[in-house]
Amino acid sequence: MRHVAIIGSGPAGYYSAEALQKLFGDEIRVDVIDRMPVPYGLIRFGVAPDHQSIKAVYRRYEKVALSDNVRFCGNVLVGRDVSIPELVGLYDAVILATGAPADRPLDIPGGDLPGVVGSAAFVGWYNGHPEFADLVLPLDAPAAAVIGNGNVALDVARILSKTPAEFVGSDIVAHAFSRLGNAAISDIHVLGRRGPHQIAMTPKELGELGHLANAVPVIDLADFPPLIDDALLEPGQRKSVTHLREFANLAAGKAKTITFDFFAKPLRVEGEGRVERIIVEKTALDERGAAVGTGEIYEIPCGMVVTCIGYKTPPLAGVPYEEDRGRFANSEGVIGGGLYCVGWARRGPTGTIGTNRPDGYEVADKIAADFADGDARKEGRAGLDRLLESRNVDLVTFRDWQRIEAAETARAREGSPREKFVAVEEMLRARR
Ligand code: NAP
């Protein structure tokens, strides 16, 4: 019997568990460890609450979690309750599937003013992540700036724009639903430091902006290269750029606007004790496609700045780390010494949820090859249980999670699939 610990119960974690299960059948025991008492990581805390069809992938992970040889170990913080060297001592392989839940900071003057928030915090807030429940957000000013031209910037702009009725069917948490419903924001600026051809937004997500009940996207066709140049784009990107161009045909007259400011590099954030404006420099692309300042400077009055400029994996004591790329140092998922990594912890924060699947299968093959070189002598879950018990760790099982989930479903407001518990204590109480 072989024992594998996976740290992180998001997509990368469960695809790895699925791959191991398929490869080893009943010859393996997998423990999926998560610091939260609830599973699924990015699916619960990252994917936008109005994208339920994307979230539905959790049903696939649930199947894996319910099998006899895979176990969910929630409410266990690696680094506090158990260390990496201890896990390596107990398991034949340890896979880090910890994602990239930390914001890359916006390193400009004023980037630390109250009212500048990272997307991890903002998204965590509307998705009910316990760490961000008390986030202070200035939603009282009429304008907000969203920095970045990726899908997260789109999520943030869309969530800020929707009417309460458009959240029917979503699982946005109660505190965010009510605060967003009363927010004064009507003018949202999405800032890209490069141009329309350099966006990192996918067509489906971009297309959604054209169908909002009370908000309209605004672009300036003068920012676009000649139409004929779109033919040079890869088909997906061409579709996205076509959506952008079509925004020019939308009728104005809705209460909110989402204005795309292209070639706009944030220089500094200003305000008396809170965000009042962002100062931006117009850019042009150099021959390598990088944004260079033109010296033309303008300001956008706004009361909140949400930075959507990418994420990083928090380092773990004893695990080699690549500071510049914000991920664990690894060679194709292998860290060494019985440690492996998958997903954003391996590759950095790019790709869709499905991109994590091949990662999981690849690492399972690598583990199988490494197992072939040695004997099975590790204790696995019995050893972990003993350790956690001696440290009074309140382990949450998948059965517990099912009770929590049932309670969330039972208390959902009409039209919503669930009303998530936000505080860890509430989650722990709900399993009884
Ligand atoms: P992303 O796709 O890497 O986009 C980051 C954006 O931030 C880019 O436009 C980048 O511009 C910009 N940026 C980086 N540093 C900057 C700076 N210092 N100043 C100004 N702009 C800066 O990252 P993401 O939006 O966080 O998304 C992460 C991953 O999750 C992506 O793969 C995304 O597709 C995925 N995702 C998917 C969905 C969905 O499918 N519905 C939803 C959310 C996220 P440059 O290009 O100039 O560097």
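A residue is called buried here when its relative accessible area is under 20%, exposed when that value is over 50%, and partly exposed in between. The structure discussed is a predicted model.

**Aspartate 81 and its surroundings**

With a relative accessibility of 9%, aspartate 81 falls under the 20% limit and therefore counts as buried. Aspartate 81 sits in the loop that runs between strand E3 (70–73) and helix H5 (84–90), and its side chain makes a polar contact of 2.9 Å with the side chain of arginine 80. When neighbours within four places in sequence are set aside, the residues in contact with aspartate 81 are Asn75, Val76, Leu388, Arg391 and Val393.

Proline 85 belongs to helix H5, and at a relative accessible area of 58% this proline is exposed. Along the chain, proline 85 and alanine 121 are 36 residues apart, and their C-alpha atoms are separated by 30 Å.

**The ligand and helix H7**

The shell around the ligand holds 20 residues, of which Asn149, Asn151, Arg193, Arg194 and Gly351 come nearest. Divided by class, this shell has nine nonpolar, seven polar and four charged residues. The table lists polar atoms of the protein together with their distances from an oxygen atom of the ligand.

| Residue | Protein atom | Distance to a ligand oxygen atom |
|---|---|---|
| Asparagine 149 | polar backbone atom | 2.9 Å |
| Asparagine 151 | polar side-chain atom | 2.9 Å |
| Valine 152 | backbone N or O atom | 3.1 Å |

On its own the ligand has 920 Å² of accessible area, and the protein covers 77% of it.

Which helix gives the largest share of the shell around the ligand? That share, three residues, comes from helix H7, which spans residues 151–161. Because nine of the eleven residues of H7 are buried, this helix is largely enclosed by the rest of the structure. The buried residues of H7 are Ala153, Leu154, Asp155, Val156, Ala157, Arg158, Ile159, Leu160 and Ser161.

**Cysteines**

A search of the whole structure for disulfides finds zero. Cysteine 302 takes part in no disulfide, and the nearest cysteine sulfur, which belongs to cysteine 308, is 13 Å away. Seen from the other side, the closest cysteine sulfur to that of cysteine 308 is in cysteine 302, and the 13 Å between them is too far for a bond, because a disulfide needs a pair of cysteine sulfur atoms within 2.5 Å. Are these two cysteines buried or exposed? Cysteine 302 is buried, with a relative accessible area of 5%, and cysteine 308 is buried as well, with a relative accessible area of 8%.

**Positive phi angles in loops**

Tyrosine 40 is not a glycine, yet it has a positive phi of about 90 degrees. Tyrosine 40 lies in the loop between strand E2 (28–33) and helix H2 (42–45), and its relative accessibility of 4% places it in the buried class. Phenylalanine 263, also a residue other than glycine, has a positive phi near 50 degrees. The loop that holds phenylalanine 263 joins strand E10 (256–261) and strand E11 (264–270), and at 16% relative accessibility this phenylalanine counts as buried.

**Alanine 213 and arginine 327**

Alanine 213 has its place in the loop between helix H9 (203–208) and strand E9 (215–218). The relative accessibility of alanine 213 is 49%, a value that is not over 50%, so alanine 213 counts as partly exposed. Not counting residues up to four places away in sequence, alanine 213 touches Thr163, Glu166 and Lys254. Between alanine 213 and glycine 333 there are 44 Å in space, C-alpha to C-alpha, and the two are 120 residues apart in sequence.

Arginine 327 is found in strand E17, residues 327–328, and counts as buried at 11% relative accessibility. Which residues does arginine 327 touch, not counting those up to four places away in sequence? Arginine 327 touches Thr313, Tyr321, Glu322, Trp344, Ala345, Arg346, Arg347 and Gly348.

Notes: Residues numbered from 1 in each chain as written. Predicted model: local features only at pLDDT ≥ 70, side-chain atom pairs only at ≥ 80, totals over all residues. Heavy atoms only, no water. Helix = DSSP H or I, 4+ residues; strand = E, 2+ residues; numbered from the N terminus. Buried < 20%, exposed > 50% of the residue type's maximum accessible area, 1.4 Å probe, protein only. Polar contact = N/O pair within 3.5 Å; in protein donor to acceptor, adjacent residues only side chain to side chain. Contact = heavy atoms within 4.5 Å. Near = heavy atom within 4 Å. Areas by Shrake-Rupley, 256 points an atom, 1.4 Å probe, with all protein chains shown as cover. Nonpolar A, V, L, I, M, F, W, Y, C, P; charged D, E, K, R; others polar.
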